[in-house]
Number of protein chains: 4
Amino acid sequence: MVVVLRPGTSQEKIEHLTRWLEEKQLIVREYQGGEQCVLGLIGDTAGIDVDMIRSLDIVESVSETREPFKAPNRAMHPDDTVISTFPGGPKIGGGHFALIAGPCSVESREQLFYIADKIQAAGANFIRGGAFKPRTSPYDFQGLGAEGLELLLQVKKETGLPIVTELMDIRSIELFQEVDVIQVGARNTQNYDLLRELGKLQNPILLKRGLAGTIKELLMSAEYIMASGNENVILCERGIRTYESAYTRNTLDLSAVPVLKNLTHLPVVVDPSHGTGRADLVPAMALAAAAAGADGLMIEVHNDPPRALSDGAQSLTPEQFAELAPKIFKVREAVQTCK
Amino acid sequence: MVVVLRPGTSQEKIEHLTRWLEEKQLIVREYQGGEQCVLGLIGDTAGIDVDMIRSLDIVESVSETREPFKAPNRAMHPDDTVISTFPGGPKIGGGHFALIAGPCSVESREQLFYIADKIQAAGANFIRGGAFKPRTSPYDFQGLGAEGLELLLQVKKETGLPIVTELMDIRSIELFQEVDVIQVGARNTQNYDLLRELGKLQNPILLKRGLAGTIKELLMSAEYIMASGNENVILCERGIRTYESAYTRNTLDLSAVPVLKNLTHLPVVVDPSHGTGRADLVPAMALAAAAAGADGLMIEVHNDPPRALSDGAQSLTPEQFAELAPKIFKVREAVQTCK
Amino acid sequence: MVVVLRPGTSQEKIEHLTRWLEEKQLIVREYQGGEQCVLGLIGDTAGIDVDMIRSLDIVESVSETREPFKAPNRAMHPDDTVISTFPGGPKIGGGHFALIAGPCSVESREQLFYIADKIQAAGANFIRGGAFKPRTSPYDFQGLGAEGLELLLQVKKETGLPIVTELMDIRSIELFQEVDVIQVGARNTQNYDLLRELGKLQNPILLKRGLAGTIKELLMSAEYIMASGNENVILCERGIRTYESAYTRNTLDLSAVPVLKNLTHLPVVVDPSHGTGRADLVPAMALAAAAAGADGLMIEVHNDPPRALSDGAQSLTPEQFAELAPKIFKVREAVQTCK
Amino acid sequence: MVVVLRPGTSQEKIEHLTRWLEEKQLIVREYQGGEQCVLGLIGDTAGIDVDMIRSLDIVESVSETREPFKAPNRAMHPDDTVISTFPGGPKIGGGHFALIAGPCSVESREQLFYIADKIQAAGANFIRGGAFKPRTSPYDFQGLGAEGLELLLQVKKETGLPIVTELMDIRSIELFQEVDVIQVGARNTQNYDLLRELGKLQNPILLKRGLAGTIKELLMSAEYIMASGNENVILCERGIRTYESAYTRNTLDLSAVPVLKNLTHLPVVVDPSHGTGRADLVPAMALAAAAAGADGLMIEVHNDPPRALSDGAQSLTPEQFAELAPKIFKVREAVQTCK
């Protein structure tokens with residue numbers, strides 16, 4: 001970290017600040033230029049409140065020379081992380097592509113098995129489905145709960161597809177022990193107590209970017225999970241909140257894919273369904289995400305979108321998904337073979 | 001709710017949609033104009049997925065004629081809600097003004113009692129202080145926890161100031177039974193399981209707007225608490241995330257004050273400390289909030305901001321607070337006497 | 001347009017509003033439901049101030065049933081518009097792909113001819129270059145002006161590449177008569193006097209989305225040009241302003257591509273250079289844009305990016321561009337052949 | 001400016017960069033710390049492309065130690081600028097408060113004189129009115145043009161109120177010679193050619209913040225005018241574009257008032273009419289702006305808002321304005337007397 005002091009700062013004040021920083025176990029180097037003094041801080045600056053230093057009278061600016069996240073940092077771990085599910089099951093990252101599909105909510109055994117069959121035939125290698133649903137209104141359908149989870153485990157048994165499903169309440173963590181990939185939704189990205197508990201498991205965690213979360217916050221939330229012991233974190237771009245809301249529910253930030261691939265070794269998945277909120281935009285955005293280098297896609301598929309109990313507006317039909325999947329593979333191939 | 005169909009929609013499709021809506025217990029009135037058919041829906045439309053209807057081929061637009069929130073709606077409850085703390089204690093709303101001050105984090109007994117003394121002398125009628133702190137980094141100070149809560153209860157006993165403190169983890173709800181006002185932080189505004197649990201208590205809840213939350217989402221989160229039985233909800237504007245971040249941490253949305261006062265009967269409090277992230281902007285924004293009609297203010301005060309263990313950058317000193325408080329009262333008076 | 005009135009509105013007030021609307025040459029149909037009255041407006045509602053009607057006491061909501069833009073509307077013109085440059089020159093739209101490349105600013109004859117040679121060899125079919133540059137600071141390099149334009153016309157003569165260059169000042173419009181594609185920059189997207197003047201020409205206009213412009217505003221600005229007589233408008237997505245600015249200068253909104261392709265018949269080009277502000281993100285975003293269905297790409301290429309007089313940070317080297325171009329064609333092929 | 005290099009950068013590369021910077025007439029000081037090399041740049045860094053340096057392989061971060069704007073910088077000019085209109089006319093800044101009111105558009109002689117009379121009686125000391133109007137749709141009312149300007153000059157003659165009106169087209173600048181305060185609208189804040197021309201006049205310029213403009217961009221635009229010779233610039237906060245658009249058209253950023261008062265010596269005016277887009281929010285936001293320390297307010301007043309030819313939704317009636325004005329003065333007094 002580099003702290004630039006205002007011109008004319010007295011030597012006494014410089015020494016006072018230096019002592020305070022040294023108390024924090026940092027080595028402080030003082031550089032005197034023609035008109036300014038600069039302090040270079042060496043050591044572990046993670047515990048320093050940058051905003052506070054920035055607010056001091058004598059400080060002109062503070063420059064953080066290191067990213068604040070550690071465990072997810074590619075600098076610490078240059079190779080891509082490859083995340084496994086069960087033995088022999090599909091993997092994510094380092095060239096392994098996850099095509100995750102399924103209904104927003106698990107509604108019934110029939111529905112789930114029907115969709116599972118269709119998406120598997122089309123090329124999906126994971127199934128998603130919500131058992132516990134976060135809904136903006138307390139009066140909306142909140143999911144089948146434990147019964148939904150049970151149906152997912154059954155469909156996994158029958159099809160061999162690993163399941164991806166969302167955990168909302170820290171108290172229901174035990175129910176999720178056999179879940180292959182536990183999803184943390186956009187409203188819980190900064191629910192730190194939940195992240196810490198998930199860090200005690202070894203199940204892969206699919207961590208969604210917050211509703212209006214920054215890339216740095218996403219990586220800091222990954223740090224919470226990893227710092228507690230679970231390194232199996234998958235990051236998910238799912239659209240951010242911007243002023244443009246007339247034609248899309250969120251703005252899918254696909255530049256987050258190459259940015260993240262550069263900053264971190266963790267796999268990056270894109271959810272074009274929530275990312276746009278509109279089924280007719282999903283195919284174009286799924287192909288774009290594949291072209292941008294995503295390690296996976298998560299796409300909502302519903303047998304009867306207009307009757308879906310949640311998020312019907314953004315679900316593809318099984319037929320639309322079957323048409324899209326081969327295009328996704330073809331785009332991936334085009335991007336890879338010419339690398 | 002009014003559903004406008006595309007010109008040329010076949011009568012068969014109109015009937016199909018009408019039947020589907022009637023299955024949802026709605027009365028559907030069909031209006032035929034020169035070039036368009038409009039369906040008016042009468043009844044409880046809360047369970048209808050508007051986005052889904054909007055996405056149908058035959059639908060041109062959907063117009064929601066009612067706000068989706070009920071319990072907080074001023075239409076249901078024209079008078080301002082007045083929220084009480086303990087018998088004889090200060091109230092909030094309906095003309096009762098809450099001046100809440102105190103440190104971001106409770107750091108020690110000495111610190112807390114010193115600040116309590118100072119802010120009470122200056123005119124504060126509530127004390128705030130964090131015992132459990134949500135921090136972006138897992139390596140930052142996370143608060144004193146239960147010990148901090150205990151210190152807050154002691155300071156209340158000695159000063160008579162009701163306490164405001166944040167609950168983060170649903171599992172620690174029992175520790176908060178004697179807390180006068182339980183704060184839900186911006187990262188938990190849509191932690192619906194937590195909101196439902198808080199709805200089972202009767203303690204007043206200070207609900208912060210999400211980091212990038214809409215006004216409607218804030219009211220829907222209040223609905224979660226109220227629908228579970230607790231009507232003592234205080235809303236808090238604390239700055240929203242915008243593209244402008246060079247000079248302020250958040251953009252304090254003061255227009256939310258008159259908007260909320262119009263939409264809801266619940267009291268509205270403003271937090272200019274988090275809302276700007278900079279101590280030097282707090283006085284101007286506190287006065288502006290008072291002029292805009294806020295029912296209260298929540299201001300961070302720390303005895304030694306540069307050494308504060310969290311958010312030092314935005315804390316006032318006790319002296320700065322003592323200078324600000326009488327101006328706040330004077331502005332309130334100016335606004336009220338000329339009404 | 002459908003106007004939903006508040007329950008209980010008196011018949012007198014309904015008639016008053018109806019008369020006022022009829023004065024505007026609209027046919028008003030009144031629909032009475034159980035609890036509400038709805039007015040359907042038939043005719044040309046383009047001149048109605050929707051916000052004003054929305055603000056009336058008796059109005060609950062207004063639903064616009066038609067997009068406010070006309071000339072760019074695909075409903076009026078179902079086939080893709082194909083825009084031509086000079087006879088025998090490249091086209092844009094309707095399957096014709098524009099790969100536009102070149103330096104941010106024209107700096108010298110040598111630089112321009114060198115880059116032109118390189119990009120043409122790599123597959124570019126248009127050359128871009130700024131002669132007049134909008135710079136945030138009055139002290140930054142503002143372009144070579146008329147001399148730069150002259151160099152562009154020379155390079156066109158030698159290479160046969162049509163040129164794309166930005167017009168800033170309405171007073172210099174005469175200088176641009178021989179420019180193949182006149183660019184309107186993001187800061188001028190709503191400079192209506194300029195748009196009207198450009199509407200009097202027949203040169204193709206590349207219209208960039210505003211810095212924080214909505215899709216609707218972009219189409220309304222296209223309307224200004226088209227309403228004045230010039231139908232040769234190319235739309236350009238170039239990144240929007242969001243809260244995420246730590247890792248990208250703008251957020252490239254690729255979902256705008258399928259949204260626009262659906263709403264309008266005009267060609268849609270993407271500028272990943274300004275859209276991200278970082279050269280290392282340009283390849284991934286260029287491929288993503290091609291996969292999303294863009295009709296063209298505009299990419300900055302500079303022989304020596306660190307010494308570029310403007311926007312060096314986002315320019316590719318000719319070598320990087322030569323590596324990228326074939327991948328772009330391959331992705332386009334992958335997307336098209338599987339359609 | 002301070003440039004922090006990546007650990008392990010070779011001495012050769014450091015020297016190469018140093019030489020390049022020295023070519024730009026900068027003095028470069030090299031500071032070697034335990035793990036990093038830092039370059040301090042002394043001299044005029046205004047011409048350096050910070051983003052370009054930031055993008056170099058060997059650079060970890062760049063810290064700008066000086067604000068990029070000069071003429072508006074309070075550091076250069078500690079006292080508030082006071083801007084005069086005609087001799088004996090009202091002033092703005094340095095304690096002089098401008099209460100600017102009037103219709104969005106000048107519609108007729110009668111309308112203008114009627115409103116002028118009412119607002120002057122209520123305490124306004126400037127009259128505003130649009131003669132040339134920027135409208136999103138080419139089919140909307142675009143103002144009376146030169147005839148409207150003429151009416152404004154007449155009303156000034158009769159009432160003595162200085163006039164504030166918007167200039168859109170650089171070619172009509174001559175028509176504005178007698179205008180007391182020339183307004184630059186939010187869509188033209190970065191129309192640099194226009195700003196340069198206005199810099200050649202001496203009329204005060206009211207410069208609105210861009211639709212989604214940053215505070216820094218606003219000050220850089222002021223720099224354009226001042227660098228061309230006109231120091232009479234008034235800054236105007238008019239709401240910014242955010243994701244919250246359900247209840248307000250823009251988000252009025254009142255924290256910009258104290259931020260600007262700190263950064264610059266220029267007067268700062270607030271426009272709560274455009275800033276909220278809703279007449280019912282204007283009084284609360286006008287009072288809040290006064291409390292926040294604004295040097296003036298610009299408020300739309302119309303004799304018959306529902307029939308206004310533009311922006312009727314946000315206009316107060318003369319009666320509402322007459323009720324509001326004394327409250328504004330009272331809040332100002334409250335804030336000042338207790339300073």
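## The barrel in chain C

In chain C, eight strands close into a barrel with parallel pairing, following the order 7-8-9-10-11-12-13-14. Neighbouring strands of this sheet are turned against each other by 25° on average, direction ignored. Do keep in mind as you look around that this is a predicted model.

For a closer view, start with strand 7 (residues 98-102) and strand 8 (residues 126-128) of chain C, which pair in the parallel sense over two bridges. Ile100(C) has Phe126(C), in strand 8, as its bridge partner. Across strand 7 and strand 8 of chain C lies helix 3 (residues 109-122) of chain C, and this helix runs at about 145° to strand 8.

## Ser255 of chain B

Next, a stop in chain B. Ser255(B) sits in the loop between strand 12 (233-237) and helix 7 (256-263) of that chain. Its relative accessible area is 1%, so Ser255(B) counts as buried, the cut-off being under 20%.

The side chain of Ser255(B) makes a polar contact, at 2.6 Å, with the side chain of Asp253(B). Chain D takes part here too: leaving aside neighbours within four places in sequence, Ser255(B) is in contact with Thr248(D) and Met285(D).

## How chains C and D are related

Chain D is superposed on chain C by a rotation of 180° with 0.0 Å of shift along the axis, giving an RMSD of 0.1 Å. That is the relation of a two-fold axis. Within chain D, the C-alpha nearest this axis belongs to Ala212(D), 3.0 Å away from it.

The interface residues tell a matching story: 100% of those in chain D are also interface residues in chain C, so the copies meet through the same surface.

How values were computed: Residues numbered from 1 in each chain as written. Chains lettered and ligands numbered in written order. Predicted model: local features only at pLDDT ≥ 70, side-chain atom pairs only at ≥ 80, totals over all residues. Heavy atoms only, no water. Pairing = 2+ DSSP bridges. Helix = DSSP H or I, 4+ residues; strand = E, 2+ residues; numbered from the N terminus. Axes fitted to C-alpha atoms, helices over the stretch in contact; angles between N-to-C directions. Contact = heavy atoms within 4.5 Å. Buried < 20%, exposed > 50% of the residue type's maximum accessible area, 1.4 Å probe, protein only. Polar contact = N/O pair within 3.5 Å; in protein donor to acceptor, adjacent residues only side chain to side chain. Least-squares fit on C-alpha atoms with pLDDT ≥ 70 in both.
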